[in-house]
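Reader: Please take a close look at the empty space enclosed by this model and at the pockets open to the outside. Give the cut-offs along with the terms.

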Amino acid sequence: MNSTIHCETYPNGLVLLAEPMPWLESAAFTLLTPAGCASEPEDRSGLSEFTCEMTLRGAGPRDSRQFILDLDQLGVERSDSVTEAHISYSGATLAENLLRALAIYADVVRAPHLPADQLEPARLALLQDLRAIEDEPSEKTMIALRRRHYPDPWGRPPQGERAAVEAITLDDIRRHVSQHFRPNGSILGVAGNFSWPALKDAVGEWFGDWPPAPTAAVVEKPAARHTVHLPYESSQTHIGVAYPSVPYRHPDYFQAWGAVGVLSGGMSARLFTEVRERRGLCYTVYAVHHTVRDYGGVFCYSATTAERAQETLDVLLAELRRLAQGVREEELARLKARIKSALIMQQESSVARSGSIAREYYHLGRARSLDELARLVDGLTCQSINQYLREHPPLDFTVVTLGPEKLEVRVGVS
């Protein structure tokens, strides 16, 4: 797994990270721009998602149709997403087409058309996404949970809110681009088969004269951690539980991540075994570790019948509290096997690696190789995880329930 990750910081602040994977015939890129949900005005939630949609409707010398045709001609498999921190553009193509694809995306972030005649079609797409969430109670539950767990604006959903999306103007979008599409704070991750000197020079040519812009501090509001019930007429109840954990940059992150891996991830994990298999309480149950720049959390979800919802919540919370008693050797062995399989699959995916090194730089100020990550995983022991759990037991739960009846958060019930 050992490899070199090249890093170049250009005078305007843009960071280029590149990991050679010469055994592949492909190359991939992930471009992070510091224009995510946390940068939106409070009354314009959804602005980043709206902006992302508009930037893909023509840029540089290409109108919307030519933009799509040129990327298709290069065979670029592409995606875009919005997080609390970034608007992200990703693409993968044959190695020989990488530089031409990057040139097109330089126009996306530097010279988007933001055409007025595309504003309402883009708005309609966002409103349709919001309507779709209304039909997905599991997603509604977890969106509400993240908003309550993290301090605002770090828990904001990229989809925004209907009233705000309906109010967004073209001037709002243009202002968002001018303020937050900037090289200082942007990170470009590339992985696959490429020439480092040629890549570094090409990125310098296309992005090097991109002028930096001032950055503004994010104003936080305290998290509203408490229990809340969202009434929803259904025969099912959806349960979301979160508790604080450490962010990715914290020295104990892998201990926290390892503990959650014992809870969830496979049919032998604790939540599946206890809540679903042994007691037959629910259809779905899982837990994941999630992190933003300065905050972390463990987010758990379960879906069950309304009749068994209270018991499901009781057992779920009991399992979370029991985690503080520690993990066992056989659980850790299974966890390490799963993680190593995932790392090996990353070694075979330029897409996964381009995104991984870009995000690592955002969190850490550097990117770790797969070899270094594998050593961190190998270094996990029951003793180290259990020491972490003694010092950071699952506590201070935020609970969101969605269904016909409100549930109680009870202590000492299992």
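Author: At least two residues of the lining of the largest cavity come from helix 9, and at least two from helix 12; helices (H or I, at least four residues) and strands (E, at least two) are DSSP runs numbered from the N terminus. The model is predicted, with local features needing pLDDT of at least 70 and side-chain atom pairs 80 or more, while totals for chains, interfaces and linings use all residues. Numbering starts from 1 along each chain as its sequence is written, and side-chain values use heavy atoms, without hydrogens or water.

Helix 12 is the main contributor to the largest cavity, giving three residues. The full lining consists of G261, V262, G265, S268, A269, R270, E331, R334 and R338. By class this makes two nonpolar, three polar and four charged residues (Ala, Val, Leu, Ile, Met, Phe, Trp, Tyr, Cys and Pro are nonpolar, Asp, Glu, Lys and Arg charged, the others, Gly among them, polar). The space inside the largest cavity is about 60 Å³. Two cavities reach 30 Å³ or more. On a 1 Å grid over the protein atoms alone, a cavity is a set of points where a 1.4 Å probe fits but cannot get out; a pocket is an open set with protein on both sides within 12 Å along at least five of seven lines, and lining residues have an atom within 4 Å of a point. Points are joined across faces, edges and corners, and volume is the space filled by probe spheres set on them.

R270, one of the residues lining the largest cavity, also takes part in a helix packing. Helix 10 (residues 270-278) packs against helix 11 (residues 309-322) at about 150°, and their axes are 10 Å apart (axes are lines fitted to C-alpha atoms over the stretch in contact, with angles from 0 to 180 degrees between N-to-C directions). On the helix 10 side the contact (heavy atoms within 4.5 Å) involves R270, L271, E274 and V275, and on the helix 11 side T312, V315, L316, E319 and R322. Four of these residues are nonpolar, one is polar and four are charged.

Now the open sites. The largest pocket holds about 1100 Å³ of space. Its lining counts 36 residues, and Y248, H290, T291, R359 and H363 are those nearest the centre. Two or more lining residues come from each of strand 6 (77-82), helix 5 (137-149), helix 9 (253-263), strand 11 (282-291), helix 12 (329-347), helix 13 (350-364) and helix 14 (370-378). Of the elements lining the largest pocket, helix 13 has the largest share, with five residues. The lining of the largest pocket contains 18 nonpolar, twelve polar and six charged residues. Helix 9 and helix 12 therefore appear here as well as at the largest cavity.

The second largest pocket has about 840 Å³ of volume. Around this pocket there are 40 lining residues, and P34, S39, R182, A216 and V218 lie nearest its centre. Helix 7 (170-180) and helix 13 each give at least two of the lining residues of the second largest pocket. Helix 7 gives the most, five residues. The second largest pocket is lined by 18 nonpolar, ten polar and twelve charged residues.
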